[in-house]
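Colleague: Could we go through this model together? I would like to begin with the backbone and then turn to the helices and strands.

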Amino acid sequence: VFSDTRKVQEAVDGVCFAAFVASGQTCVSGKRVLVQDEIFDEFQDALISKVTSLRVGNPLEEATDIGPVVSARQLERIEDQVARAKAGGAKAVTGGQRPSLDGLGKGHFYEPTVLTGVSPENPAFVEEIFGPVISLSRFRDEEEALALANSSDYGLGGAIWTEDIRKAFRVARGLRCGLSWVNCHHRNDPSSPWGGFGQSGIGRENGPEAFEEYTTTKSL
């Protein structure tokens, strides 16, 4: 999120959708949030306010924002990753535990969580936390933003929030990921290839490239 984003609250709303849709359990969830120094404090305050307003509960109820994670085993994995992140210097400014609300104790629920003070070596930055947990880090300039974004074994998708169209294209080209969005996230065009770099999968879905997955070549 660059300091020239159109509206900080708009970027916060977009980040929350990217991170917490399906309780943070999608292949392309936005988990590492990088914010430029000039707007970091404003963004952090707005993000905390937004995340604390998300309602955890029964996913069949219309008022629910965050449902359970997929299994008890996954819940324990999330707890372990957050514990190791905290041991590595991160701080949970909201969430960071199972909810104590009545009726949720028996389910695989975890509070939507924002971790700050996350270094590039921290487990929350290095690993994929498949649940409602995000890390929040700051950057000085475009060069540092790209270096931080690309310092990962994963590379499925990344989003850029800026009003500068030249910067948007420049940063999108520099990101080591298969999908780049500008001022949005999770958008999917069936004609556009979907796939990642590094540990984020092999091959492509959608687009002409998808035909290659169903094609066997033969040399004669």
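Colleague: Where is the place of N183?

Modeller: This is a predicted model. In it, N183 sits in the loop between β7 (179–182) and β8 (197–198). Although N183 is not a glycine, its phi is positive, about 60°.

Colleague: Does N183 count as buried, partly exposed or exposed?

Modeller: N183 counts as partly exposed, because its relative accessibility is 32%, and the partly exposed class lies between 20% and 50%.

Colleague: And S23, which also has a positive phi: what is the value?

Modeller: The phi of S23 is about 55°, and S23 is not a glycine either. The residue belongs to the loop between α1 (8–20) and β1 (32–36). With a relative accessibility of 5%, S23 counts as buried.

Colleague: Changing topic to α3: what should its 16 residues span, and how far apart are the end C-alpha atoms?

Modeller: Helix α3 covers residues 72–87, and at 1.5 Å a residue it should span 22 Å. The end C-alpha atoms are 23 Å apart, which agrees.

Colleague: Which residues of α3 are buried?

Modeller: The buried ones are Q74, L75, I78, Q81, V82 and A85. They cover an arc of only 125° around the axis, so they lie on the same side of α3.

Colleague: Why would residues three or four places apart point the same way?

Modeller: An α-helix has 3.6 residues a turn, so residues at that spacing point the same way.

Colleague: What do the buried residues of α3 pack against, and which exposed residues are on the face turned away?

Modeller: The buried residues pack against β3 (113–116), α4 (123–126) and β4 (133–139). The face turned away from the buried side carries the exposed residues R73 and A87.

Colleague: What follows α3?

Modeller: G89 follows α3, with a positive phi near 110°.

Colleague: On to β3, then. In which sense does it pair with β2, and in which with β4?

Modeller: Strand β2 (residues 91–94) pairs with β3 in the antiparallel sense over three bridges, and T94 has V114 of β3 as its bridge partner. With β4, the pairing of β3 is parallel, over three bridges. There, T113 has V133 of β4 as its bridge partner.

Colleague: Which residues point one way from β3, and which the other way?

Modeller: T113 and L115 point one way, V114 and T116 the other way, and all are buried. In a regular strand the side chains alternate between the two faces of the sheet.

Note on methods: Residues are numbered from 1 along each chain as its sequence is written. This is a predicted model: local features need pLDDT of at least 70, side-chain atom pairs count only at pLDDT 80 or more; totals for chains, interfaces and linings use all residues. Side-chain values use heavy atoms; hydrogens and water are left out. Helices (H or I, at least four residues) and strands (E, at least two) are DSSP runs, numbered from the N terminus. Buried means under 20% relative accessible area, exposed over 50%, partly exposed in between (1.4 Å probe, protein chains only). The expected span of a helix is 1.5 Å times one less than its number of residues. The arc is that of the directions from the helix axis to the C-beta atoms. Contact means heavy atoms within 4.5 Å. Two strands pair if DSSP finds at least two bridges between them.
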